[in-house]
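Here is a friendly briefing to read alongside the coordinates. Please keep the viewer open while you go through the points.

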Amino acid sequence: MSGPIETSIVGYKERPLKYPDLDSMRQLRNSGRELLGTFLYATEKRDGSNMTIWMRVSENGYIRFPQISSRNTTYECRTCRKVFGNKEEHITTTGHTDLIYDVAAPELTTQVLSSKSWGTTIDRGNRKAQGIVKMLLDNPTWVIFAESIPAGVGPTRIEPKHKKQDLVIFDIWEGGRFFSYNYMYQQCYHYRIPVVKLIGQGTFESMDALGLWVKDALAYSKRHRREGVVIKAYGVEVQVFVKEKIDMPERPKFVHSSNKNPQLPPLPDSEIYGAIDKVLADYGMDFLRDKRQAMPKVAEYVQYECKKHLCSLPKGSPLYSFYMTYLAAKQA
Ligand SMILES: [Zn+2]
């Protein structure tokens with residue numbers, strides 16, 4: 001039987017993992033107590049789209065190429081050249097079956113490809129090949145998680161405007177584990193790829209001490225116009241990652257009115273924009289521009305964030321105006 005030699009196949013046919021969905025500490029089963037006694041890192045949370053970049057092996061096993069995926073599983077149809085989330089629905093409604101799995105929306109792919117840190121694989125004079133493509137060619141079993149930060153304003157509008165689009169790595173995974181911050185930093189340095197900044201590190205014995213440390217990290221984030229912090233425990237059997245955001249209320253306030261519905265704090269604007277950005281990531285710009293299609297999805301995604309953060313929809317601010325502001329910023 002002819003075919004590739006099994007041992008020469010390095011990379012994956014399918015995306016090996018999705019980045020864990022990050023909750024805040026208080027949403028952990030033991031409200032953060034699971035983080036006590038283990039070594040923690042706090043890194044800045046950058047404002048962009050969460051991309052997964054990995055080395056994919058073609059069906060016949062001969063060709064490896066870097067695959068750019070976004071947070072959810074999406075498909076590209078080779079017949080109509082569209083990216084969508086639901087494979088079965090697309091096949092039954094169009095009869096198209098020539099689908100490519102796990103392709104990010106074209107707008108996000110274009111963003112990623114235009115980033116300086118995407119890099120080059122060609123040595124020019126004394127400039128050595130560098131960047132994400134080179135990193136993956138040298139290390140095809142790594143799975144790179146990077147924030148794609150758009151030129152101009154980002155989805156949450158917390159960071160100052162950026163002159164250029166870029167990619168910033170926040171995690172690398174291999175063989176069932178994420179790299180420690182220090183090891184990831186060294187690798188990014190070697191390939192000249194930006195990496196999220198380390199804000200703090202340490203081990204904590206009490207929730208009070210941990211709480212103060214998080215508070216300091218959030219104050220730092222606010223001063224430096226970052227969305228928040230991601231706290232990571234790498235050195236444990238089950239790696240725990242959580243995120244804390246600067247504009248989320250410290251505790252949801254349940255105010256009971258006549259023992260009926262709890263009154264929840266409003267969802268911050270940045271979360272609404274974040275939800276719209278996820279619709280773009282999952283369905284693409286064509287879908288998002290069509291308001292009859294897009295608005296129900298936007299509402300669904302915002303509702304999901306409300307539920308997740310124990311917040312309510314802000315009163316008197318129709319989603320449509322957020323949607324229009326988001327689109328206007330994208331076209332600027
Ligand atoms: Zn199609």
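The notes below go from confidence to sheets and then to a pair of helices.

This is a predicted model, and the protein chain has a mean pLDDT of 86. Two open sheets are described here, one of four strands and one of five strands. After them comes the crossing of helix 6 and helix 8.

**Confidence**

- In the protein chain, 92% of the residues reach a pLDDT of 70 or more.
- Among the elements of the chain, strand 7 (residues 143-149) has the highest mean pLDDT, at 96.
- At the other end of that ranking is strand 13 (residues 255-256), whose mean pLDDT of 48 is the lowest among the elements.
- Residues 1-7 have a pLDDT below 50, and in the model this stretch has five contacts beyond near neighbours in sequence.

**The sheet of four strands**

- Reading across this open sheet, you meet the strands in the order 10-1-11-12, with antiparallel pairing.
- Its edges are strand 10 (198-202) and strand 12 (240-245), each of which pairs on one side only.
- On average, neighbouring strands of this sheet are turned by 20° against each other, direction ignored.
- Strand 1 (residues 40-45) runs antiparallel to strand 10, and four bridges join the two.
- If you would like a residue pair to look up here, Y41 has Q201 in strand 10 as its bridge partner.

**The sheet of five strands**

- The other open sheet has the order 3-2-7-8-9, and its pairing is antiparallel.
- Strand 3 (64-69) and strand 9 (177-178) are the edge strands here, each pairing on one side only.
- Six bridges connect strand 2 (residues 49-57) with strand 3, and these two strands run antiparallel.
- One place to look is T52, which stands opposite S69 in strand 3.

**Helix 6 against helix 8**

- The axes of helix 6 (residues 269-283) and helix 8 (residues 291-309) come within 9 Å of each other and cross at roughly 125°.
- Helix 6 is therefore oblique to helix 8, and the crossing is right-handed.
- On the helix 6 side, the contact is made by E271, I272, A275, I276, K278, V279 and Y283.
- Helix 8 contributes A294, K297, V298, Y301, V302, E305 and H309.
- By class, the residues of this contact divide into nine nonpolar, four charged and one polar.

How values were computed:
Residues are numbered from 1 along each chain as its sequence is written. This is a predicted model: local features need pLDDT of at least 70, side-chain atom pairs count only at pLDDT 80 or more; totals for chains, interfaces and linings use all residues. pLDDT is the predictor's confidence in each residue, from 0 to 100. Two residues are in contact if their C-beta atoms, placed from the backbone, lie within 7 Å. Two strands pair if DSSP finds at least two bridges between them. Axes are lines fitted to C-alpha atoms, for helices over the stretch in contact, and angles run from 0 to 180 degrees between N-to-C directions. Angles under 35 degrees count as roughly parallel, over 145 as roughly antiparallel, 65 to 115 as roughly perpendicular and the rest as oblique. A crossing is left-handed if the near helix is turned anticlockwise from the far one by less than a right angle, and right-handed if clockwise. Ala, Val, Leu, Ile, Met, Phe, Trp, Tyr, Cys and Pro count as nonpolar, Asp, Glu, Lys and Arg as charged, and the others, Gly among them, as polar.
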